Amino acid sequence: MRRPAGLSGVYFEDRFNYDSLRDVLRQVMAGAENTTEHGMWSHEMKNQLRVMLYTLTIALILAALWVVKASAQNPTPTDDEVNRIAHQLYCPVCENTPLDFCPTEACRQWRDLIRQQLSQGWTEDQIKQYFAEQYGARVLAEPPRTGLNWLVYILPPVIILAGAFLLFRMLRAWTKPPAASSAAGSAKEAAQDDYVARLEEELKKRK
Amino acid sequence: MTENTNTPPRRGIPLRTQIVIWILLIGLLAIIAIELNRSQRGTVQPGEAIRDFTLPLYSGYEYEGQNEIRLSDLRGKVVFINFWASWCKPCEQEAPELVKAWEYYKPGGQVVFLGVDYVDTEPAARIYMKKFKITYPNGPDLGTRLAQLFRIKGVPETYFIDQNGALQYVQIGPFTSLQQIQSIIEPMLKK
């Protein structure tokens, strides 16, 4: 047993027999030379090995391409994509809770369903339509424009416009006093001025 | 005193427009009142007439080989309509009792059990039905039409309809035993 030069302390030599290793390496080298001599790694075998390697490489490349294509066709939807649609839907069970915020087990199932539908290539409209058919139109954040639902779209602008019109009329009436009353007011003021002038004149005379 | 004849005519909203506005306002208030009244009426009560309905059934849970079931086709039988959902924990509590009751009444053919899956997803519903070994006809309440028809307030709720199609009993909440279900069905069968 010999310690390698430049190394000290407790080292491989305590567990490893370098002489044995050298013997093994020598035998391996000799074996390799023999195989060459005996033609075990002949030209034909090398060719076969090369063909096998090429085939394996091509198969691996094709498999990789197939996986990439498959994942491109059915990409896993992200949470943001799911929540974007869930935000347009309301929990059918809880009151006034958008599906993306709803913490219940039922809502989790519906979000999973949206994810599944997205991965199957469903469009946003198809998913919303499915939910409306399954759970009723009340799950839609934006009610369909049919029947009495039209009131939701028509009433607010009509009420706002009517309110604005009334406010405008009232403001105009407040800021512009009636002509008749203003004329009466100025006549009264003029009469008062005359009276004050005469009063002052009388006072001066008495002084 | 002399009357001022030069006063300009008073401008305002024409009478016809006022009438239209008032009619619209009254109509709107009437709609709100009807809806409020409807939402506060609670579930249908025994004695109230139940409108006919058709329930589509999940495959594997059909009724006599048909993939939908109509209430009017069940005249002459006691109909047990149970609203449930896979996300409903109290429903899980009563599910084994319902299965026991179905197994008890199924051979007689006088009682039809009908599960109405309320706002649920089919995969979750199937897992639930498999878990509790439910075999009686079950289907989804599409568009919550049946829930609105029965004006349910939650799940589980069960409605018992007699042989003449009249609602006899309403159970709000889960059943706790087979005997509880039997105590409702047996008197109906004796009629």
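**Helices and sheet of chain B**

In helix 2 of chain B, the buried residues are Cys91(B), Glu94(B), Ala95(B), Leu98(B), Ala101(B), Trp102(B) and Tyr105(B). The model is predicted. The cover over these buried residues includes strand 3 (78-84), strand 4 (111-117) and helix 5 (178-190), which belong to chain B. Helix 2 of chain B comprises 17 residues, 89-105. At 1.5 Å a residue, a span of 24 Å is expected, and the end C-alpha atoms lie 25 Å apart, so the two values agree. The helix is bent, however. The bend is about 35° and falls at Ala95(B). A proline, Pro96(B), follows within four residues. Ala95(B) is thus listed twice here: as the site of the bend and among the buried residues.

Helix 3 of chain B covers residues 122-131. Its residues Ala124(B), Ala125(B), Tyr128(B) and Met129(B) are buried. Viewed down the helix axis, the buried residues fall within an arc of 135°, and therefore line one face of helix 3. Ile127(B), Lys130(B) and Lys131(B) lie on the other side and are exposed. The cover over the buried residues of helix 3 involves both chains. It includes helix 4 (105-119) of chain A, together with strand 4 and strand 5 (138-140) of chain B. After helix 3 of chain B comes Lys133(B), with a positive phi near 55°.

The strands of chain B were examined next. An open sheet of 5 strands is found in chain B, in the order 5-4-3-6-7 and with mixed pairing. Strand 5 and strand 7 of chain B are the edge strands, and each pairs on one side only. On average, neighbouring strands of this sheet are turned by 20° against each other, direction ignored. In general, the strands of a sheet pair through backbone hydrogen bonds, in parallel or antiparallel fashion.

Strand 4 of chain B contains Val112(B). This residue has 22 C-beta neighbours inside 10 Å and therefore counts as buried; the cut-off is 20 or more. Val112(B) touches Leu74(B), Lys77(B), Val79(B) and Phe80(B), with residues up to four places away in sequence left out. Tyr63(B) is 49 residues from Val112(B) along the chain, and the C-alpha atoms of the two are separated by 9.2 Å.

Strand 6 of chain B spans residues 157-161, and 5 of its 5 residues are buried. Both faces are covered. Glu157(B), Tyr159(B) and Ile161(B) are buried on one side, and Thr158(B) and Phe160(B) are buried on the other.

Strand 6 of chain B has a partner on each side in the strand order 5-4-3-6-7. With strand 3 of chain B it runs antiparallel, and 5 bridges join the two. Glu157(B) of strand 6 is the bridge partner of Phe83(B). Strand 6 of chain B also runs antiparallel to strand 7 of chain B (residues 167-172), again with 5 bridges. In this pairing, Glu157(B) stands opposite Ile172(B) in strand 7. Phe160(B) stands opposite Tyr169(B), likewise in strand 7 of chain B. Strands 6 and 7 of chain B form a hairpin, with 5 residues between them. Gly165(B) lies in the turn and has a positive phi of about 85°.

Definitions and conventions: Residues are numbered from 1 along each chain as its sequence is written. Chains are lettered from A and ligands numbered from 1 in the order in which they are written. This is a predicted model: local features need pLDDT of at least 70, side-chain atom pairs count only at pLDDT 80 or more; totals for chains, interfaces and linings use all residues. The expected span of a helix is 1.5 Å times one less than its number of residues. The bend at a residue is the angle between axes fitted to the seven residues ending there and the seven starting there. A residue is buried if 20 or more other C-beta atoms lie within 10 Å of its own, exposed if 12 or fewer, and partly exposed in between; C-beta atoms are placed from the backbone. Two residues are in contact if their C-beta atoms, placed from the backbone, lie within 7 Å. The arc is that of the directions from the helix axis to the C-beta atoms. Two strands pair if DSSP finds at least two bridges between them. Axes are lines fitted to C-alpha atoms, for helices over the stretch in contact, and angles run from 0 to 180 degrees between N-to-C directions.
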